[in-house]
Amino acid sequence: MNQDLFTIADVPKQDSQTVIARCRELASISDMSGGTFRPFLSPAMKRCYEVVGAWMKAAGMHVRIDAAGNLRAIRHGGNRVLILGSHLDTVRDAGGFDGILGVILAIALVENLDHPLPFDIEIIGFSEEEGVRFSIPFIGSRALVGTLDEQTVCTIAPAIREFGLDPAQIPAAKLTKLPLGFLEFHIEQGPILESAGESVGIVDAIAGQTRATVKFTGSANHAGTTPMHLRRDALAGAAQWISAVEFLASTTPHLVATNGKIELQPNVGNVIAAEVALSLDVRHSDDNVRENACAALRESGNQIAEQRKLKLSWTETLQQKSVPLDQSLTRALAAVAPAGTRRMTSGAGHDAMILAPYIPSAMLFLRSPGGISHHPAENVLPEDVDLALSIGRRFIESMREF
Ligand code: GLV
Ligand code: MN
Ligand code: MN
């Protein structure tokens, strides 16, 4: 453990307390009772934007919502722009820090700036990173770099209109000002920093991911009268395939694969399932390993479907290659972080992976107590938030020379 990791903080304790209290306040703004859930452009997102927007305004920033639903605040200063931020949407029954922390930390940094800078700072609360509402992740960040495809825009347009925005204006959400770079603070969402006793880490690269909806179609029939050998049971086929997914991931080094969502028809206890739609999420830092795994899983799905006289359909909703972050910006981040700060690969996806091919991007991870994320028990430690604020301050100052 590097002692210097704990000696750099030069931020009043008050700041981390405010940051954590604000994240917890936002966790109570939710579309579900008894937990946190804010999908893309939901009623809770509207309330969240009002609260976060008010903090941004109080920090002296000019606030707007672009047509992709991103909450954006500018502090003017010069011809180039340093972008800070992360996402404000959440998974269902989420914790209070995934994404949100990156936005709230950025606001605290701007609040504490008491002098002009020769560049703009823009804070972006991205509207949709998780992909919950439409099974399409990264809508907000893709709009910022102009890579939202027509089909996605068609799918999301009614939600955008319902929120009071104009989907025809999505192209205007694209960043036009010359970017200095994008810095995203984010919880690690895993156990590495905690198990090493370290507060923060610098992300070198973000693992690629494939997401798909995989549908098995059979035939509904009576549970009491249909002999086993005459059934076309979509759920039994899907269950067999889920085991194949878990087996492949467990036996391929560093591969992770998840079936996290299931929808079945008719979903009745005494009826054989006619149709099962499963989500598939496959990740690896090596794109070849991920692509080969997806091909193998598709093949095993086809074999299972054939054996069981089912139909299989496979619809990919995301093919995201693994992304290296910007070396120069990452060097600038390392230069203001404690000596020996760990470099790491992110297994989770982040808005930075969408921005990185277009805007120099860097990420700082904060330790996740218990390695827990996408869960109400998600947390951060005040001393780690202090350290991140301290690094953020120095980073912003260092951008004068970048
Ligand atoms: C985003 O949280 C992801 O699924 O990686
Ligand atoms: Mn997440
Ligand atoms: Mn996140």
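**Notebook: lookups in a predicted model**

I began with lysine 13, which is placed in helix α1. The model I am reading is a predicted one. I found lysine 13 to be exposed, because its relative accessible area is 52% and the cut-off for exposed is over 50%. I then took the C-alpha separation between lysine 13 and glycine 392, which is 15 Å for two residues 379 positions apart along the chain.

**Entry: threonine 36**

I located threonine 36 in the loop that runs between α1 (13-27) and α2 (43-58). Its relative accessible area is 7%, so I recorded threonine 36 as buried. I listed its contacts, leaving out residues up to four places away in sequence: Ala27, Ser30, Thr90, Val91, Arg92, Asp93, Ala94 and Gly95.

**Entry: helix α3**

I checked the span of helix α3, which covers residues 100-111 and has twelve residues. From first to last C-alpha it reaches 17 Å, close to the 16 Å expected at 1.5 Å a residue. I next looked at burial: eleven of the twelve residues of α3 are buried, so the helix is largely enclosed by the rest of the structure. I noted the buried residues as Ile100, Leu101, Gly102, Val103, Ile104, Leu105, Ala106, Ile107, Ala108, Leu109 and Val110.

**Entry: glutamine 189**

I looked up the backbone of glutamine 189, where phi is near 65 degrees, a positive value in a residue other than glycine. For context, I recall that most residues other than glycine have a negative phi. Glutamine 189 sits in the loop between β5 (178-187) and α6 (192-196). Its relative accessible area is 17%, so I entered glutamine 189 as buried, the cut-off being under 20%.

**Entry: histidine 374**

I found a positive phi again at histidine 374, which is not glycine, with a value near 55 degrees. Histidine 374 is placed in the loop between β14 (361-366) and α11. I recorded histidine 374 as partly exposed, because its relative accessibility is 41%.

**Entry: proline 266**

I examined the peptide bond between glutamine 265 and proline 266 and found it cis, with omega about -5 degrees. I note that most peptide bonds are trans. Proline 266 lies in the loop that separates β9 (262-265) from β10 (275-284).

**Entry: valine 289**

I placed valine 289 in helix α8, which covers residues 287-307. With a relative accessibility of 24%, valine 289 counts as partly exposed. I took its C-alpha distance to histidine 254 as 9.5 Å, the two residues being 35 apart in sequence. Setting aside neighbours within four places in sequence, I listed Thr252, Leu255 and His284 as the contacts of valine 289.

**Entry: helices α9 and α11**

I turned last to a helix pair, which is described by the angle between the axes and the distance between them. Helix α9 (residues 327-336) packs on helix α11 (residues 382-398) at about 125 degrees, and their axes are 9 Å apart. That angle makes α9 oblique to α11. I recorded the crossing of α9 past α11 as right-handed. From α9 the contact is made by Leu329, Ala332, Leu333 and Val336, and from α11 by Ile391, Arg394, Phe395 and Ser398. I sorted the contact of α9 with α11 by class and obtained six nonpolar, one polar and one charged residues.

Note on methods:
Residues are numbered from 1 along each chain as its sequence is written. Chains are lettered from A and ligands numbered from 1 in the order in which they are written. This is a predicted model: local features need pLDDT of at least 70, side-chain atom pairs count only at pLDDT 80 or more; totals for chains, interfaces and linings use all residues. Side-chain values use heavy atoms; hydrogens and water are left out. Helices (H or I, at least four residues) and strands (E, at least two) are DSSP runs, numbered from the N terminus. The expected span of a helix is 1.5 Å times one less than its number of residues. Buried means under 20% relative accessible area, exposed over 50%, partly exposed in between (1.4 Å probe, protein chains only). Contact means heavy atoms within 4.5 Å. Axes are lines fitted to C-alpha atoms, for helices over the stretch in contact, and angles run from 0 to 180 degrees between N-to-C directions. Angles under 35 degrees count as roughly parallel, over 145 as roughly antiparallel, 65 to 115 as roughly perpendicular and the rest as oblique. A crossing is left-handed if the near helix is turned anticlockwise from the far one by less than a right angle, and right-handed if clockwise. Ala, Val, Leu, Ile, Met, Phe, Trp, Tyr, Cys and Pro count as nonpolar, Asp, Glu, Lys and Arg as charged, and the others, Gly among them, as polar.
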